[in-house]
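Dear colleague,

I am passing on the structure below, together with some notes on what was found in it. Please read the notes with the structure open beside them.

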Amino acid sequence: MTPSTEYRFSFGPWNICEGKDPFGPATRAPYDHEAKFALYRPLGFEGVQLHDDDVVPDLDQLSGPQILAKATQVGTMLGNQGLVPEFVAPRLWFSPETIDGGYTSNSAADRRYALDRTLRTADIARAVGSKAIVLWLAREGTSLRESKNAVTAYQRILDAINAILDHDKEIEIWIEPKPNEPCDHAYVPTIGHAVSLAYASKDPVRVKGLIETAHALLAGLDPSDEMAFAIAHGKLASVHLNDQNGLKYDQDKNFGAANLRGAFNQVRVLEENHYGSRGEFVGLDVKAMRTQAGNPVTAHLASSREIFLHLVEKVRSLDLKEQQQYIDARDYEGLELFTIRHLLGIH
Ligand code: GLO
Ligand code: MG
């Protein structure tokens, strides 16, 4: 395989996990959080995706200056290892205050907590050396629709976005849509919803999207088309490539593991539109199998990256002239066989 020098890859420390799931405990010993950063470069990754408390543990217990000092220190530590902090995301789904959501909680005090925590995340992002925060709106939704007013909820999400844009005049907000889990129904289920919020905000240029393959599939949509939609609006800031076997819990399988042709089409859209040329990272949000022995486990990250690069080669070696002939003749049966043969390496 020819290693690509064009794409830069990223993942978050949560992708090296211990195997816990809702039905059973961890199957591997915890791996020291800070030690994970040393694994990045040898695995071929340069970008680090972070939650606010990955950067500053127990931040709710710390003062503003203490938070900034710790974030600055982590930024220096990452820089010394040749790593780039891609974004920082407020973990708005863990604390007692976010039990009923963050910005859309029915409790005014809890909504205040969610916004304050997000503003601190923006400060952490800047101190660690990142220009963006990611909003994965985990609990912004309901388990029973009657419990919240959806119109009010969408207004509250927009108010929060505007407050963040006001707080820091340069920070970017990247919304990561997901239709369900942990909520039954979430309020920003697709990139279309995220892009609408961007345009409705007071600074649309600074509000973009992060598309995760599995989340698009859970919404019953084609991830490559979702990516294309964001690209058409200049709003694809990052991706969480992975895979998903049908409409069930969020699986975070290895990229291409469930639907190789779907993965090929995602890479095709990214490659054709020069994704990465404006500094975007190829992020992988993949989960290690619970059965996997060893500590730390990293094979899922290395494999997903390798599969991506193989698919880049498949896109680059596609005979575009022949492909166009099928399109011009409207011979889509021919186009289908041509595509599958290419993926199988049959010429
Ligand atoms: C969960 C999400 C989650 C986010 C991460 C960054 O379904 O994919 O992993 O990507 O918390 O915000
Ligand atoms: Mg994700």
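**Strand E8 and its surroundings**

Both faces of E8 are covered, since Val207, Gly209 and Ile211 on one side and Lys208, Leu210 and Glu212 on the other are all buried, where buried means under 20% relative accessible area, exposed over 50% and partly exposed in between, with a 1.4 Å probe and protein chains only. This is a predicted model, in which local features need pLDDT of at least 70 and side-chain atom pairs count only at pLDDT 80 or more, while totals for chains, interfaces and linings use all residues. Residues are numbered from 1 along each chain as its sequence is written, chains are lettered from A and ligands numbered from 1 in the order in which they are written, and side-chain values use heavy atoms, leaving out hydrogens and water.

Strand E8 spans residues 207-212; helices (H or I, at least four residues) and strands (E, at least two) are DSSP runs, numbered from the N terminus. Strand E6 (residues 172-176) pairs with E8 in the parallel sense over 3 bridges, pairing being assigned if DSSP finds at least two bridges between two strands, and Trp174 has Lys208 as its bridge partner in E8. E8 also pairs in the parallel sense with strand E9 (residues 236-241), over 4 bridges, and there Gly209 stands opposite Leu236.

Elsewhere, Thr118 lies in helix H4 (residues 108-128) and is buried, with a relative accessible area of 0%. Not counting residues up to four places away in sequence, Thr118 touches Pro90, Leu92, Tyr103, Ile133, Leu135 and Ile164, contact meaning heavy atoms within 4.5 Å.

Best regards
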